[in-house]
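Student: I should like to learn how the terms used for a protein model are justified. May we go through one together?

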Amino acid sequence: MNSLEQAEDLKAFERRLTEYIHCLQPATGRWRMLLIVVSVCTATGAWNWLIDPETQKDSDLKVVLGAHLEDSDLKAVLGAHLEDSDLKVSFFTSLWNHPFFTISCITLIGLFFAGIHKRVVAPSIIAARCRTVLAEYNMSCDDTGKLILKPRPHVQ
């Protein structure tokens with residue numbers, strides 16, 4: 001194979017690689033936006049869940065009176081007029097009371113199980129794998145797929 005054919009092959013490979021990486025960009029952008037939106041929704045829902053007075057009721061009483069108190073001790077200190085339902089809300093009841101957080105958290109977990117963490121960085125994964133293969137031929141590529149020719153090592 002002469003050098004003209006090699007140059008044409010390299011140009012064709014570079015065009016195909018840049019085309020492939022360029023075609024991944026719109027889908028990657030959409031996955032990134034979806035991940036950002038769901039993450040912000042989860043963080044907002046978590047904040048609302050944490051500042052909810054019903055969720056904080058048990059922990060606030062323990063902070064005021066001492067974190068080492070058990071529920072029975074807390075009830076004895078405050079008097080018999082408090083019922084167990086006044087002291088705490090169960091975890092699942094708290095999640096049921098905050099459907100925005102629950103749904104956004106389940107959605108975020110589902111997205112990670114579906115592989116969104118790979119999809120948001122797909123072009124850089126392709127470029128990194130190409131760099132690994134091209135290194136054997138004294139070449140590399142940038143994140144857009146453009147080939148970088150490295151000087152040949154001199155063997156003496």
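Tutor: Let us begin with helix 6, bearing in mind that this is a predicted model. The buried residues of helix 6 are Phe101, Thr102, Ser104, Leu108 and Leu111.

Student: What do the buried residues of helix 6 pack against?

Tutor: They pack against helix 1, helix 5 and helix 7, the last covering residues 116–119.

Student: How do you know that the span of helix 6 is close to the one expected?

Tutor: Helix 6 comprises residues 99–113, which makes 15 residues. The expected span is 1.5 Å times one less than the number of residues, and for helix 6 this comes to 21 Å. From its first C-alpha to its last, helix 6 reaches 21 Å, so the two values agree closely.

Student: Which residue with a positive phi follows helix 6?

Tutor: That residue is Gly115, with a phi near 95°.

Student: Why is Ser94 called buried?

Tutor: A residue counts as buried when its relative accessible area is under 20%. Ser94 has a relative accessibility of 3%, and therefore it counts as buried. Ser94 lies in helix 5, which covers residues 91–97.

Student: Which residues are in contact with Ser94, if its neighbours within four places in sequence are left aside?

Tutor: Ser94 is then in contact with Trp49, Thr55 and Val89. Contact here requires heavy atoms within 4.5 Å.

Student: What share of the protein chain counts as buried by the cut-off applied to Ser94?

Tutor: Of the 156 residues of the protein chain, 24% count as buried. The protein chain exposes about 11,300 Å², of which carbon and sulfur atoms supply 64%.

Student: What makes up the secondary structure of the protein chain?

Tutor: There are 8 helices and 2 strands. Along the sequence, the pattern is α-α-α-α-α-α-α-α-β-β.

Student: What is the volume of the largest pocket, and which helix gives the largest share of its lining?

Tutor: The largest pocket has a volume of about 310 Å³. Helix 1, residues 3–51, gives the largest share of the lining, with 4 residues.

Student: How do the lining residues of the largest pocket divide into nonpolar, polar and charged?

Tutor: The lining has 6 nonpolar, 2 polar and 3 charged residues. Among the lining residues are Asp9, Lys150 and Arg152. Asp, Lys and Arg count as charged, so these residues belong to the charged group.

Key:
Residues are numbered from 1 along each chain as its sequence is written. This is a predicted model: local features need pLDDT of at least 70, side-chain atom pairs count only at pLDDT 80 or more; totals for chains, interfaces and linings use all residues. Side-chain values use heavy atoms; hydrogens and water are left out. On a 1 Å grid over the protein atoms alone, a cavity is a set of points where a 1.4 Å probe fits but cannot get out, and a pocket is an open set with protein on both sides within 12 Å along at least five of seven lines; lining residues have an atom within 4 Å of a point. Grid points are joined across faces, edges and corners, and a volume is the space filled by probe spheres set on the points. Buried means under 20% relative accessible area, exposed over 50%, partly exposed in between (1.4 Å probe, protein chains only). Accessible areas come from the Shrake-Rupley method with a 1.4 Å probe; for residues, only the protein chains shown count as cover.
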